[in-house]
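Trainee: Could we go through this structure together, and could you explain the terms as we reach them?
Mentor: Gladly, let us put it on the screen.

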Amino acid sequence: MDALNLTTKPKSSDIGIDNVVLRYGKGDNAVLALDGISFHVVPNEFCVIVGPSGCGKSSLLYLVAGLEERTGGMIVVGGKPVTEPGPDRGMVFQAYTLFPWLTVAQNVEYGPKRKGIAPAERRVIVEHFLHEVGLAKFANHYPSQLSGGMKQRVAIARALANDPDVLLMDEPFGALDSQTRHSMQKLLLRIWDHSKKTVLFVTHDIDEAILLADRVLVMSGRPGQIKKEIRVGLPRPRSMDLVMEPNFIAMKREILELLKNDEDDEH
Amino acid sequence: MTLAPNTSSLVGNGVTARVEEGQAGRSVLKVIATPFRAVPRSLSITLGFMVWIAVIGGWFALTYSGAVKEMFLPRPESVLSTTISMALDGSLWEHVFASVQVVLIGFVLSSIVAVPLGLTMGTYRIVQAVLEPLVNFIRYLPVTSFVPLFILWIGIGIEQRVAVIVFGVFFQQLVMIADSARSVQRDLVNAAYTLGTKRGDTVFHIVFPATLPSVLDVLRVTMGWAWTYLVVAELVAARSGLGYISLKAMRGFQVDVIFMAIAMIGILGLCTDQLFRGIRRLVAPWAN
C-alpha cells in the first residue's frame, strides 16, 4: 500500500498553511513569534517569503519541515498533515550543513541511501545532480575543501537527489558574497526550471525575492504576520538584467515601503 | 610639477623598503614574538632537540660533578647499561608486557562502554538527567582512595589493577564524550531528518561520525591517564610490571632501575599517543 503510494505520488505537492501560531515560552515571558499565518502554495510554485530579521520567517519554514512544533493551526503538505520531519520535505539551510565526514558524492547519496535505493541507481542520481550544480569534478572532495558557494550548491544537489515533494530554502545564500549570490540565484533558477519543484524560499533580500519568485509574501515583524502578497508575473526564464526593469523597481519600492512601515510601527 | 617626481620617488623608496623587509624576513625576534605565527620547521625541530640535549647534559653534569650522590641520581650510562642487561635477560619485557596488558585491558573495557554510553548521554537529555548527577559526583573522587576498597573486594590480582584503571578513566571518558556529542551542530541533525534519517538512527548515522575525531582525542588523552593509574595500582599491589619493579628497586636502592621504569612508561605513552594520532588520520581524514 505504502509502496504503491510512493510510486503514484506526484513529485511536486502543494503546501497548505492554515492559521499557524507559534509561541515561545510560557506565562508572562511568552513571545508570540507567529500570529495566525495562512497561505497556500500550489504545486510547482516558487513562493518567496521576505521579511525583516526576527519576523519568524525561518521559524515558519522549520514548522513546515516539521523540525519545530507549532503552538496552533494546521500545516498540510501534499495532503498529509505535518507532524514530524520527513524526506518528502527537502530543506536547504542557511548554515552549512553538509556532513563533513562524507565526500561531496556521499553527501548527495545520503538521502537515496536512506531510502534503500540500489547502489547502481544511486550512482546515476549522484552523477546527475552533481552535474546539475556544476560540481562533478569535486565528487571526491570533502566539504572542508569547498568554498561557501560550492557547499550550498552541494546542499541543493543533496536535497534534490532525495526527490522531495517540496523544497524549503532558508536564506540559503545569506552568508555568501554578492557575486557568488548572483551566480547561485542564476543556478537555482535554471535547476528549478528543470525540476519544477514546489519551492518555499525565505530571504531578507528583496531583489532576490522578486527575481526568483512567482509570488512574494511580505511578512511583518513580531508577531509575524503576512502583510501582503505580490504576484511577480515577470516572464521566465529570468536574467539578472531584470533588476533594472521599471516593473521590477516598482515592486521593489512597494515591498520596501511595506517593510519600512513595519519599522515605523516598532518605534 | 616639481613635486610629482619627488612624491613618486618617496613612494618608490617605501615600496622597496617593504619588499626588502619581506625578503630578508623581518627580524627573527619579531617573527617569534608574533602570536600564532608559524616558525620554520627546522627551527622548531632544532629547539626541541636542544632541550633534550640540555636535560641530558644537565644530568651528566649533576652526576659527574658529584653534586648529587649516585644513590639518588644514577649516572646516565648506568641507566642505559641496566636497561640493556634487563632487556637481554628478558626480565624487562616480562614487566613491560605485564603493564601493557593491564593498561590495555582496563582501557579497552572502559572505552567500549564509555563511547556508546557517552554518545547516548550527550544525545538524549533523559539519559543525561539520569546519569549526570551520579557521574559528576564519582568523577571528583580520587581514584587512589578506592585502592584499599578494591583490594578488599577484588584482592591483589590483575583484576584489581584493571579495576583501578577502569575506575580512573571511565567517568572522565563518559563526561568528555557526552560533551562532544552535545556540541554536534543542531542543523546537521535537522538536515539529516529532512533527508530521511529516523530519530533512532541519529546517534549511529550522525552523532557518531560527527564526533569521531573528538572521541579519538578523548581516548588519546585518557590513555595517558590510564598509565598514571597503572603505576598507582602496581605500587600498591602487584608482582610484576613497571610500577612494581620501581617499588622493589627503591627498597634495594637501585635508582637506575626506577629511572629505567619511568623512561619505559614515557616511551610506551609516546607510542600509544602516536598510535591514536595515526588512527585519527586514517579513520577521519576529513578532520585534518
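Mentor: Let me begin with a term: two residues are in contact if their C-beta atoms, placed from the backbone, lie within 7 Å. This is a predicted model, in which local features need pLDDT of at least 70 and side-chain atom pairs count only at pLDDT 80 or more, while totals for chains, interfaces and linings use all residues. Residues are numbered from 1 along each chain as its sequence is written, and chains are lettered from A and ligands numbered from 1 in the order in which they are written.

Trainee: Okay, so what share of the contacts in chain B between residues at least 6 apart join residues at least 24 apart in sequence?
Mentor: For chain B that share is 73%.

Trainee: And how many helices and strands does chain B have?
Mentor: Chain B has twelve helices and zero strands, where helices (H or I, at least four residues) and strands (E, at least two) are DSSP runs numbered from the N terminus. The radius of gyration of chain B, taken over C-alpha atoms, is 27 Å, well over the 19 Å that the globule rule (2.2 Å times the number of residues to the power 0.38) gives for 288 residues, so chain B is more spread out than a compact globule. Along the principal axes, its C-alpha atoms fill a box of roughly 100 × 70 × 30 Å.

Trainee: What does UniProt list for chain B?
Mentor: An unreviewed UniProt entry lists "domain: ABC transmembrane type-1" at residues 96-276 of chain B; positions are in the numbering used here, feature names are shortened, and annotations may be inferred rather than shown by experiment. In the model, residues 96-276 of chain B are 84% helix and 0% strand. The unreviewed entry also annotates "transmembrane region" in chain B, with residues 137-156 and 162-181 among the stretches covered. Residues 162-181 of chain B are 100% helix, while residues 137-156 of chain B are 55% helix and 0% strand.

Trainee: Switching topic, how many residues of each chain take part in the contact?
Mentor: The contact takes 14 residues from chain B and 20 residues from chain A. On the chain B side, α9 (186-194) and α10 (202-236) each supply at least two residues, and α9(B) gives the most, with six.

Trainee: Now chain A, what's the order of the strands in its six-stranded open sheet?
Mentor: The order in chain A is β6-β7-β8-β3-β9-β10, with mixed pairing, and two strands count as paired if DSSP finds at least two bridges between them. The edge strands of chain A, each pairing on one side only, are β6 (89-92) and β10 (225-231).

Trainee: Which way do β9 and β10 of chain A pair, parallel or antiparallel?
Mentor: Strand β9 (residues 215-220) of chain A pairs with β10(A) in the antiparallel sense, over six bridges, and one example is V218(A), whose bridge partner in β10(A) is K228(A).

Trainee: Last one, is helix α2 of chain A mostly covered or exposed?
Mentor: Helix α2 (residues 57-65) of chain A is mostly covered, with nine of its nine residues buried. A residue is buried if 20 or more other C-beta atoms, placed from the backbone, lie within 10 Å of its own, exposed if 12 or fewer, and partly exposed in between. The buried residues include K57(A), Y62(A) and A65(A), and just after α2(A), G66(A) takes a positive phi of about 85°.
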